[in-house]
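Here is a short tour to follow in your viewer, one selection at a time. Keep the sequence panel open so that you can pick residues by number.

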Amino acid sequence: MTYNLPTTPPLFTFNGRVWLNRVGGPLLLLALGGLLALAYAPWGWWPVVYVSLGGLFYRLQQQPTSWRSGWQLGLFAFGFHLCSLGWVISAFSNHAPTPEVKAVAYPAVLLMSFILALPYLGLGLLWGYGQRWWHTPARRIVALALGWVGLEYLRLQTVYGFPWNLLGYAFADNLVLLQLSAYTGILGLSALVAVMGFGVGSRRMGWAAVALAIPFVLFGFGTVRLWQAPAALPAVDTVVVVQTPVAQADKWDEALRALSLRRYVETSQLAQPGDLIIWPETAVTYDLSQNTRVQHTLATTLPAQTTLLTGHPRMVTTATGDTYYNSLSLFDPASATLPGTYDKQLLVPFGEFVPLREHWTFLGRFATGMFNFEAGTGPVGLADPTTTRARQLLPLICYEAIFPGFVRRHLGEAAYMVNVTNDAWFGGTAAPAQHFAISRVRAIETGRSLVRVANGGVTAVLDGYGRTVAQLPPDALAAARVAVPGPIER
């Protein structure tokens, strides 16, 4: 007689297909999203979009339900934002006002990445649900590309959208590939980058050929446009850009503030009569509008017959208390007056103001800035200008330059843009290079020169084609006297 003894199931079994779907699949999507971060400055490896977005689209087409499409696109977006915005940790961990805030640096970036990924999860759900109407690869590619660009458009409408590293900025390190943005804007480039990646992932030879051809078309267009451009444009102004690196930890140190001011003055001495001297955001750490001692110092030490344009905090006292603004002002040394002032309107959440702080006071502990600034409400320009120079430049403070709609709405008849910033918050991370690359696209989109003056970042003068007219060595005590090119003719 034969007895069939019961067998004990193995403690561990491995099924490669199950593992790939349950564990390897999510890890792959996170990795593909993280890989996309290498397309941006300072690396600029834009061909990785073929692997990153191509792999994403290939995976999405294999999903049987809209829910699976949604969470897979959400995972991809989470991995991308986590890797491309990791520099935010530097601002929290190195410059937080309390140890408690430093402790939440990493969780804060995880939460930020999660929040930014949620709209893409929704896009994936809608795209997966809509596959019943777009059976062909062409419709799937176009639908997802348009949906992605639509989300980027919404992110550009509010500071909470934080439109950093949109798809089109994958080309931001390549001046030739950027030239089409003069006609399509950054969202047009984003659409092309999306089609490039999704076309390869569609596994259709026709779309793969289109995807591979897009960079060659952009390169050809950009080459012709730059070849036809004049070697130099007529100058509309002469500026002296000044860079004196100040560590963020030292910026508001009472014992070092006077030293920093003296260095700015000494580095500005190459200016000649009639020049505009430009210092970075909050280069003057005193309220220049009220501090008569600093006004007298600048009036007696700056080169004669020059004008200073500098960032500084500005305080206004009202019946309800003191209000602070992040301001950019013209200072006339001859009269020791401020003929024009602009208050920053697009503030950085948790850097310059804390959302809902008036309702939930505990949120104030999570601010990284020295002040809880108020957004300016006046015209975007140097208010009450008394000189032609004040009327011909558009002031942009810090990351106001990453909002193309804001720039276009207020550009008007300005001959050039001035963008002052303090990127010392981010130390040696990728943020300063990315901030500069994004700002450069505004010059190409508008056809106006961009004078960018940074502390801890990239100081440069660009013409309306995005070409570098002058650039200072990073993190160096330096200045340059530069003729600013006028607008280009379209």
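Start by selecting helix α16, residues 431-446, which holds both glutamate 445 and arginine 442. The two are 3 residues apart, about one turn of the helix. Show their side chains and you will find a salt bridge, with an N to O distance of 2.7 Å. Both glutamate 445 and arginine 442 are buried. Bear in mind as you go that this is a predicted model.

**More salt bridges**

How many salt bridges does the structure hold? The count is 7, and two others are worth a stop.

Select glutamate 254 and arginine 257 next. Their side chains meet in a salt bridge, 2.7 Å from N to O. Both sit in helix α12, residues 254-267, and because they are 3 residues apart there, about one helical turn separates them. Now switch on a surface and compare the partners: which is buried and which is exposed? Glutamate 254 has a relative accessible area of 53%, over the 50% cut-off, so it counts as exposed. Arginine 257 has 15%, which is under 20%, so it counts as buried.

For the other stop, select aspartate 275 and arginine 481. They form a salt bridge whose closest N and O atoms are 2.6 Å apart. This pair links distant parts of the chain, with the two positions 206 residues apart: aspartate 275 is in the loop between α12 and β2 (276-278), while arginine 481 is in strand β11, residues 478-485. Aspartate 275 is at 2% relative accessibility and therefore counts as buried. Arginine 481, with a relative accessible area of 39%, is partly exposed.

**Enclosed spaces**

How many cavities of 30 Å³ or more are there? The count comes to 2.

For the largest cavity, select Leu36, Ala77, Phe80, His81, Tyr120, Trp148, Glu152, Arg155, Asn165, Leu166 and Leu167, which line it. The space inside is about 60 Å³. Colour by helix and you will see that α3 (66-84) and α7 (137-155) each supply at least two of the lining residues. Colour by class instead, and the lining shows 7 nonpolar, 2 polar and 2 charged residues.

Move on to the second largest cavity, with about 40 Å³ of space. Its lining is made of Val246, Asp250, Lys251, Leu256, Ser260, Ala283 and Thr285. Helix α12, where glutamate 254 and arginine 257 sit, comes up again here: α11 (248-251) and α12 each supply at least two lining residues. By class, the lining of the second largest cavity has 3 nonpolar, 2 polar and 2 charged residues.

**An open pocket**

Now look for the second largest pocket, which has a volume of about 250 Å³. A good way to centre the view is to select Leu156, Gln157, Pro404, Gly405 and Phe406, as these lie nearest its centre among the 17 lining residues. Which helix gives the most to this lining? It is α15, with 5 residues. Both α9 (181-201) and α15 (404-411) supply at least two residues each. The lining of the second largest pocket divides into 9 nonpolar, 5 polar and 3 charged residues.

**A nonpolar patch on the surface**

Turn the molecular surface on and select Leu111, Phe114, Ile115 and Leu118. Together they make a nonpolar surface patch of about 380 Å². Pick out phenylalanine 114, which is found in helix α6, residues 105-129. Is it buried, exposed or partly exposed? Its relative accessibility is 46%, between the 20% and 50% cut-offs, so phenylalanine 114 counts as partly exposed.

**Last stop: a glycine in α1**

Finish with glycine 25, in helix α1, residues 16-36. Its relative accessibility is 0%, so glycine 25 counts as buried. Add arginine 59 to the selection and draw a distance between the C-alpha atoms: glycine 25 and arginine 59 are 34 residues apart along the chain, and their C-alpha atoms are separated by 8.7 Å.

Methods:
Residues numbered from 1 in each chain as written. Predicted model: local features only at pLDDT ≥ 70, side-chain atom pairs only at ≥ 80, totals over all residues. Heavy atoms only, no water. 1 Å grid on protein atoms, 1.4 Å probe; cavity = no way out; pocket = protein on both sides within 12 Å on 5 of 7 lines; lining within 4 Å. Points joined across faces, edges and corners; volume = space filled by probe spheres on them. Helix = DSSP H or I, 4+ residues; strand = E, 2+ residues; numbered from the N terminus. Nonpolar A, V, L, I, M, F, W, Y, C, P; charged D, E, K, R; others polar. Patch = residues over 30% accessible without salt bridge, like charges linked within 9 Å, V, L, I, M, F, W, Y side chains within 5 Å. Areas by Shrake-Rupley, 256 points an atom, 1.4 Å probe, with all protein chains shown as cover. Salt bridge = Lys/Arg side-chain N within 4 Å of Asp/Glu carboxyl O. Buried < 20%, exposed > 50% of the residue type's maximum accessible area, 1.4 Å probe, protein only.
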